[in-house]
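The following note is offered to a colleague who is beginning to read protein structures. Please keep the sequence and the model in view while going through the numbered points.

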Amino acid sequence: MCRHLGYLGPRMSVGGVLTDGDHSLRVQSYAPNDMRGGGTINADGFGVAWWQDGAVRSYRNPMPIWTDPAVDDVLPQLHSTSVIAAVRSATVGMPVERSACAPFTDGRWAFSHNGVVRGWPHSLTDLWSEVPVVDALTLPAPTDAAAVWMVLRQLLVTLKPAVALATLVRRIEERAPGSRLNFLLGDGENMYATAVHHALSVRRSDDAVTIASEPTDDSADWTHIDDRSLVVATTSKFTVSRLDEEEHT
């Protein structure tokens, strides 16, 4: 059910974030190691967001990542200190189109959801009622991930990012038990991620942090993140805490 990856560190080619490593995000699109809850490949599109001159940019394609020549010909020419990327395995019944591909962006934020909300859309009806009408009318795509992004945007107005993500997980789980909620959120300087019923790993070097659904190589530097955890990362460090801790409620 999808794969995503976030990078913070020295300027790197956007294309390199997608293709570096023996088990790069591109490889994970057709040969993932840890798919859970359905699906065998991630061939229903991909997207990448990066920050340039203080603004977030993005490129998305509803076709499989391995079919797009821009990944090797154009994206390597772009460089950024922060990148979020995702390859998609669409949940049955949800559209395969560009607007449904993560990352979703708004202002300084980029967001990806690796997983599924059980019982969508009915399970999110009351949460969705809190979304401003204009946002509801401009929903990026009729998918659970896009709907979740709209709810998160509202939470980010009043809550710190880590608290907003933990609150979002708790509220969705109350209404849709068993949902897979690996979220990845970035603002160009920080990244925040959750691991809920899905795999997540983090690698930190001297000056960079990578968060990924699956390790991109067999380096021993990768740290497996326990289920029901929240990761907060900067270029210099990352911290892991339990989603259920009081500080997040």
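**Notes on the structure**

1. Phe111 counts as buried, because its relative accessibility is 0%. The model is a predicted one, and each value below is computed from it. Trp149 is likewise buried, because its relative accessible area is 1%, where the limit for burial is under 20%.

2. By the rule used for ring contacts, the count comes to four aromatic pairs. One of these pairs is formed by Phe46 and Tyr59, whose ring centres are 6.1 Å apart and whose planes make an angle of 50°, a tilted arrangement. Phe46 belongs to strand β2 and Tyr59 to strand β3 (residues 55-61), so this pair ties together parts that are 13 residues apart in sequence. Is Phe46 buried or exposed? Phe46 counts as buried, because its relative accessibility is 0%. Tyr59, at 26% relative accessibility, counts as partly exposed.

3. The rings of Phe111 and Trp149 are also paired: their centres lie 5.4 Å apart and their planes meet at 10°, so the pair is stacked. The cut-off for a stacked pair is an angle under 30 degrees. Phe111 is in strand β6 (residues 109-116), whereas Trp149 is in helix α6 (residues 144-158), so the pair ties together parts that are 38 residues apart in sequence. One aromatic cluster is made up of Phe111, Trp149 and Phe183.

4. The structure holds eleven salt bridges. Among them is the bridge between Glu130 and Arg171, in which the closest N and O atoms are 2.6 Å apart. This pair links distant parts of the chain, 41 residues apart: Glu130 lies in the loop between α4 (125-128) and α5 (133-137), and Arg171 lies in helix α7 (residues 161-175). Glu130 counts as partly exposed because its relative accessibility is 45%, while Arg171 is buried, with a relative accessible area of 17%.

5. Another salt bridge brings together the side chains of Arg175 and Glu174, at 3.3 Å from N to O. Arg175 is partly exposed, because its relative accessible area is 26%. Glu174 counts as exposed, because its relative accessibility is 53% and the limit for that class is over 50%.

6. Asp244 and Arg228 form a further salt bridge, with 3.1 Å between the closest N and O atoms. Where do the two partners lie? Asp244 is in the segment after β13 (238-242), and Arg228 is in the loop between β11 (222-224) and β12 (229-233); the pair links distant parts of the chain, 16 residues apart. Asp244 counts as partly exposed at 49% relative accessibility, whereas Arg228 is buried, with a relative accessible area of 18%. Elsewhere, Asp106, Asp135 and Arg153 are joined into one network by salt bridges that share partners.

7. How are the strands of the open sheet ordered? Six strands form this sheet, in the order β5-β6-β7-β8-β12-β13, with antiparallel pairing. The edges are taken by β5 (104-106) and β13; each has a single partner strand, so one side of each is left without a neighbour in the sheet. On average, neighbouring strands of this sheet are turned by 15° against each other, direction ignored. As background, the strands of a sheet pair through backbone hydrogen bonds, and the pairing may be parallel or antiparallel.

8. Both edges of the sheet can be followed in detail. Strands β5 and β6 run antiparallel and are joined by three bridges. Asp106 stands opposite Trp109 in β6; Asp106 is also one of the residues in the salt-bridge network. At the other edge, five bridges join β12 to β13, which also run antiparallel. Ala233 has Phe238 in β13 as its bridge partner, and a hairpin of four residues leads from β12 to β13.

9. Finally, the surface deserves a look. Tyr30, Ile41 and Trp66 make a nonpolar surface patch of about 290 Å². Ile41 is located in the loop between α2 (25-30) and β2 (46-52). Ile41 counts as partly exposed, because its relative accessibility is 35%; the members of such a patch must have over 30% relative accessible area.

Key. Residues numbered from 1 in each chain as written. Predicted model: local features only at pLDDT ≥ 70, side-chain atom pairs only at ≥ 80, totals over all residues. Heavy atoms only, no water. Patch = residues over 30% accessible without salt bridge, like charges linked within 9 Å, V, L, I, M, F, W, Y side chains within 5 Å. Areas by Shrake-Rupley, 256 points an atom, 1.4 Å probe, with all protein chains shown as cover. Salt bridge = Lys/Arg side-chain N within 4 Å of Asp/Glu carboxyl O. Helix = DSSP H or I, 4+ residues; strand = E, 2+ residues; numbered from the N terminus. Buried < 20%, exposed > 50% of the residue type's maximum accessible area, 1.4 Å probe, protein only. Phe/Tyr/Trp six-rings, centres within 6.5 Å; stacked < 30°, edge-to-face > 60°. Pairing = 2+ DSSP bridges. Axes fitted to C-alpha atoms, helices over the stretch in contact; angles between N-to-C directions.
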